[in-house]
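The following exercises concern the contact between two chains and the charged pairs within them. Work through each task with the structure open before reading its solution.

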Number of protein chains: 2
Amino acid sequence: MEIKPITACCEPLTDTALTAEAADELAAAFKVLADPARLRLFSLIASAGEGEACACDLVEPLGKSQPTVSHHLSVLTDAGLVTREKRGRWAWYRADASRLAVLRDALGSVVPLGER
Amino acid sequence: MEIKPITACCEPLTDTALTAEAADELAAAFKVLADPARLRLFSLIASAGEGEACACDLVEPLGKSQPTVSHHLSVLTDAGLVTREKRGRWAWYRADASRLAVLRDALGSVVPLGER
DNA sequence: TCAATACATCGACGAACATCGATGCCCGAA
DNA sequence: TTCGGGCATCGATGTTCGTCGATGTATTGA
């Protein structure tokens with residue numbers, strides 16, 4: 001699938017027109033989040049106690065097969081949204097909220113209350 | 001394509017685990033942004049002078065065919081990210097930044113500087 | 001009434017992707 | 001060393017979706 005790590009690539013959407021290259025990069029980042037299974041996986045990992053979650057505890061709550069869960073975890077890892085650490089037989093995942101901040105910034109600065 | 005308007009659907013990703021339904025809705029919202037052509041269109045409209053842009057001025061800078069541009073504008077409109085107003089022969093589009101704010105909120109609250 | 005322009009819709013094609021069974025690899029226990 | 005469990009990878013399949021030529025629908029000007 002060839003996935004690049006999410007990195008700051010552009011000004012906020014509402015400020016200036018995106019270049020073709022910046023749009024490609026930003027779209028690829030949003031594509032990682034554009035799947036219900038990946039969103040649930042990320043939220044499960046991010047909200048887990050101890051700050052980390054075992055892959056073995058993610059298959060059942062997702063209701064998908066083990067290969068499918070593993071695939072989505074790889075996508076999240078390649079994007080840098082989570083990090084993988086193998087300990088013994090198990091794989092432990094941690095969320096990296098700073099990657100989300102990059103996307104937050106791309107969505108624009110704070111919107112005045114009057115416009116919301 | 002059946003696209004629903006973007007609406008607030010869930011707590012920030014990093015706070016609690018998403019339900020299957022909330023994940024479906026949020027993923028659908030991100031899917032709208034997960035395309036380079038739509039990102040460029042939105043940024044072109046949002047950063048246009050007068051706060052609005054004519055569809056006739058969006059085809060050439062995008063480098064895509066007129067049907068393709070029209071298709072993407074429809075997706076953005078269905079999602080509520082832009083609004084369409086037909087005046088004479090022309091269609092004028094305005095960006096609605098408040099829909100972006102919904103997604104910003106879903107990406108979590110402010111991240112402490114130490115974690116960025 | 002006719003021609004031209006702006007834009008949406010239709011139909012079709014190809015590429016990207018989510019999904020899962022089967023399989024391979026690695027580690028720990030016996 | 002062997003066995004079993006956890007997890008990644010492979011290969012195949014069905015679906016979704018971006019793209020564009022052709023066509024339809026308004027609206028304007030002559």
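**Exercise 1.** Determine how many residue pairs are in polar contact between chain B and chain A, and which elements supply the chain B side.

*Solution.* In this predicted model, seven residue pairs, both residues at pLDDT 80 or more, are in polar contact between chain B and chain A. On the side of chain B that touches chain A, the elements giving two or more residues are α1 (20–33), α2 (36–46) and α5 (97–106) of chain B, and α1(B) gives the most, with eight residues. Sorted by class, that side has 22 nonpolar, eight polar and nine charged residues. Despite these charged residues, the count of salt bridges between chain B and chain A is zero. The area buried between the chains is about 3,300 Å², with 69% given by carbon and sulfur atoms.

**Exercise 2.** Examine the salt bridge of B:R94 with B:E52, and decide whether each partner is buried, partly exposed or exposed.

*Solution.* First, the closest N and O atoms of B:R94 and B:E52 are 3.5 Å apart, which satisfies the 4 Å cut-off for a salt bridge. Next, B:R94 lies in strand β3 (residues 90–95) of chain B, whereas B:E52 lies in the loop between α2 and β1 (53–54), so the pair ties together parts that are 42 residues apart in sequence. Finally, B:E52 has 14% relative accessibility and therefore counts as buried, while B:R94, with a relative accessible area of 38%, is partly exposed.

**Exercise 3.** Identify the residues of chain A that are linked in a network of salt bridges.

*Solution.* The network links A:E52, A:E85, A:R87 and A:R94. Within this network, A:E85 forms a salt bridge with A:R87, their closest N and O atoms being 3.2 Å apart.

Terms used:
Residues are numbered from 1 along each chain as its sequence is written. Chains are lettered from A and ligands numbered from 1 in the order in which they are written. This is a predicted model: local features need pLDDT of at least 70, side-chain atom pairs count only at pLDDT 80 or more; totals for chains, interfaces and linings use all residues. Side-chain values use heavy atoms; hydrogens and water are left out. Buried area is the accessible area (1.4 Å probe) that two parts lose on being put together, summed over both. A salt bridge is a side-chain nitrogen of Lys or Arg within 4 Å of a carboxyl oxygen of Asp or Glu. A polar contact is a pair of N or O atoms within 3.5 Å; within protein, one must be able to donate a hydrogen and the other to accept it, and residues adjacent in sequence count only if both atoms are side-chain atoms. Helices (H or I, at least four residues) and strands (E, at least two) are DSSP runs, numbered from the N terminus. Ala, Val, Leu, Ile, Met, Phe, Trp, Tyr, Cys and Pro count as nonpolar, Asp, Glu, Lys and Arg as charged, and the others, Gly among them, as polar. Buried means under 20% relative accessible area, exposed over 50%, partly exposed in between (1.4 Å probe, protein chains only).
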